[in-house]
Amino acid sequence: MSQPQPVRGTHDLLPEDFARHAHVQNSAREVAARFGYAEMATPIFEFTEVFARTMGESSDVVSKEMYSFESRGGESMTLRPEYTAGICRSFISNGLQQQVPFKVFATGPMFRYERPQKGRQRQFHQIDVECIGAAEPQADIEVISLGAAILKALGILDKCSLEINTLGDQESRQAYRAVLVEYFGDHKDSLSKDSLDRLERNPLRILDSKDAGDRALVEKAPLFTDYLNSFSSDFFAEVLDGLSLLGIGYHLNRRLVRGLDYYTHTAFEFVTTELGAQGAVIAGGRYDGLIEALGGKPTPGIGWAGGVERLAMLATGAIKEVRPLAIIPIGDAAETAAQKLAYSLRQDGHVIEMAFKGNLSKRMKRANKLNARAAILIGEDELARDACTFRDLDKGEQEEIALASLGSALAALG
RNA sequence: GCGAACGUAGCUCAGUUGGUUAGAGCGCCUGACUGUGACUCAGGAGGUCGGGGGUUCAAGACCCCUCGUUCGCCCCA
């Protein structure tokens with residue numbers, strides 16, 4: 001290609017795209033703040049170990065999708081593939097255990113070396129919510145309801161459904177996992193190739209297989225509910241009750257699982273059918289073992305991440321734009337006067353558009369294209385009278401007014 | 001990582017079984033309208049047909065490689 005291309009799986013965010021992203025991020029930030037989740041940020045790269053420990057060496061992300069590099073100092077660094085690990089690391093690094101529950105919101109770019117598709121890029125953006133240090137089911141309810149509230153604010157809650165499941169506590173899950181491995185181990189010859197691999201690395205995932213043969217086996221597999229201890233099932237029941245009380249609908253999905261040991265109890269996803277295979281727009285769960293895995297004191301936590309690109313594709317509604325005012329000088333003598341007026345109005349909080357070239361007709365066209373609400377024309381005639389021609393571009397009416405009364409004319413536009 | 005489809009002006013696309021100078025709509029530029037946008041009309045610019053190689057008298061069409069996008073799987077936001 002003779003023209004330069006962006007790197008595979010990366011996209012430029014031109015102003016229009018950026019506005020959609022910003023809309024998602026700003027809406028989320030605002031709603032999160034109402035829930036008491038203040039924004040924070042962590043570095044875009046960490047020691048590789050931070051992700052390897054939290055996401056699991058055997059996970060796809062860690063084993064083959066990370067952008068890792070050796071620093072000049074010889075240490076292995078990785079561009080973050082997700083936000084949770086960095087925030088938990090930060091929680092430990094900054095000794096925040098005295099501030100629990102530590103509730104935060106974050107957003108930014110993530111990096112994963114994956115095969116690109118719609119809604120799946122190598123550099124993509126997430127919004128993220130974490131609640132660290134709360135072991136109570138009320139935290140699960142709050143975190144999930146925050147997700148629902150953000151989707152509602154974006155006007156896309158009705159396009160999504162909440163899938164939810166429990167993985168139980170460590171004891172429950174390990175018991176179930178052992179039973180599953182035994183069951184599927186006895187039927188190895190009927191398992192798909194993918195699931196044979198899952199049996200080694202991530203047996204719970206077999207429950208979610210799309211392979212017809214696997215599904216037949218899954219039908220007859222032991223049920224997780226039979227292996228949940230009473231603490232785990234009570235916990236989950238409390239979460240579900242809380243959601244119902246808030247009027248948040250959910251679909252119990254027994255096949256929704258997380259493979260890693262740090263994940264416990266609640267797992268959930270807000271999914272949509274409108275984005276093809278990349279249906280999860282917000283996904284998260286409880287990770288009571290994660291902080292400990294990172295070297296911190298045992299600390300429970302729950303959170304979720306949402307894909308900004310995916311959310312932005314769903315939130316197609318009009319974003320309210322600020323309409324500018326166009327200042328158009330006529331003739332060289334008016335240029336500096338126009339610039340001065342623009343500077344003054346901008347400092348008063350107005351959005352002012354100035355074109356630097358072209359005759360009156362061209363500048364009017366540009367003003368029109370930018371959807372300007374009004375045009376302020378200043379020529380030598382107006383200059384001499386300390387006035388301007390004020391044209392309402394919607395009504396197509398104009399009149400000459402004194403510069404001194406420009407403020408009230410602008411206020412009258414509404 | 002596996003399987004498949006697609007890549008033609010800035011954008012969305014058309015280009016018959018390979019056959020002279022590659023088209024349309026929208027957008028852009030110029031003018032009608034040298035102090036007035038939208039609407040209209042008349043002109044105009046813009047393409048090494050993603051890139052490289054091959055087959056052929058002849059390739060945008062066929063073959064191979066490569067880059068990119070998309071769909072499914074895997075995985076996930």
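Strand β6 (residues 123-132) runs antiparallel to β11, and 7 bridges join the two. That pairing is a good way into this predicted model, in which chain A holds 15 helices and 16 strands. Both strands belong to an open sheet of 8 strands with mixed pairing. The points below start with that sheet and then move outwards to a helix, a hairpin and the chain as a whole.

**The sheet and its order**

- Reading across the sheet, the strands come in the order β1-β5-β6-β11-β10-β9-β7-β8.
- The edges are taken by β1 (38-39) and β8 (251-252); each has a single partner strand, so one side of each has no neighbour in the sheet.

**Strand β11 and its two neighbours**

- If you are looking for a covered strand, try β11 (residues 301-307), where 7 of 7 residues are buried.
- In a regular strand, side chains alternate between the two faces of the sheet.
- On one side of β11 you will find G301, G303, A305 and G307, and on the other I302, W304 and G306; these residues are all buried, and both faces are covered.
- Towards β6, the residue standing opposite A305 of β11 is D128.
- Strand β10 (residues 280-286) also runs antiparallel to β11, with 5 bridges between them.
- On that side, R286 stands opposite I302 of β11.

**Strand β7, between β9 and β8**

- Strand β7 is largely enclosed by the rest of the structure, because 6 of its 7 residues are buried.
- Its pairing with β9 is antiparallel: 7 bridges link β7 (residues 160-166) to β9 (residues 264-272).
- Two facing pairs help you to line these strands up: S161 is opposite V271 in β9, and T166 is opposite T266 in β9.
- The pairing of β7 with β8 is parallel and has 2 bridges.
- I164 has L252 in β8 as its bridge partner.

**Helix α4**

- Helix α4 (residues 84-93) is mostly covered, with 7 of its 10 residues buried.
- The buried residues of α4 are T84, A85, G86, I87, C88, S90 and F91.
- An α-helix has 3.6 residues a turn, so residues three or four places apart point the same way.
- The cover over the buried residues of α4 includes two strands of the sheet, β5 (102-111) and β6.
- Also among the elements covering these residues are β2 (45-47), α2 (48-55) and α10 (290-293).
- After α4 comes G95, which has a positive phi near 60°.

**The β15-β16 hairpin**

- β15 and β16 make a hairpin, with 4 residues between the two strands.
- The strands, β15 (residues 387-392) and β16 (residues 397-402), run antiparallel and are joined by 6 bridges.
- A387 has A402 in β16 as its bridge partner.
- In the turn, G396 has a positive phi of about 75°.

**P15 in helix α1**

- P15 lies in helix α1 (residues 15-34).
- With a relative accessibility of 69%, P15 counts as exposed, because the cut-off for exposed is over 50%.
- Although P15 and E353 are 338 residues apart in sequence, their C-alpha atoms are 16 Å apart in space.

**Chain A as a whole**

- The radius of gyration of chain A is 28 Å, whereas a compact globule of 414 residues would have one near 22 Å.
- Along its principal axes, the C-alpha trace spans about 95 × 55 × 45 Å.
- Of the 414 residues in chain A, 49% are buried.
- Among contacts with a separation of 6 or more, 69% are between residues 24 or more positions apart.
- The accessible surface of chain A is about 21,200 Å², and carbon and sulfur atoms account for 50% of it.
- Chain A carries 47 positive and 57 negative side chains, and the centres of these two sets are 5 Å apart.

Notes: Residues numbered from 1 in each chain as written. Chains lettered and ligands numbered in written order. Predicted model: local features only at pLDDT ≥ 70, side-chain atom pairs only at ≥ 80, totals over all residues. Heavy atoms only, no water. Rg over C-alpha atoms; globule rule 2.2 N^0.38 Å. Buried < 20%, exposed > 50% of the residue type's maximum accessible area, 1.4 Å probe, protein only. Contact = heavy atoms within 4.5 Å. Areas by Shrake-Rupley, 256 points an atom, 1.4 Å probe, with all protein chains shown as cover. Lys, Arg positive; Asp, Glu negative; His and termini not counted. Charge placed at Lys NZ, Arg CZ, Asp CG, Glu CD. Pairing = 2+ DSSP bridges.
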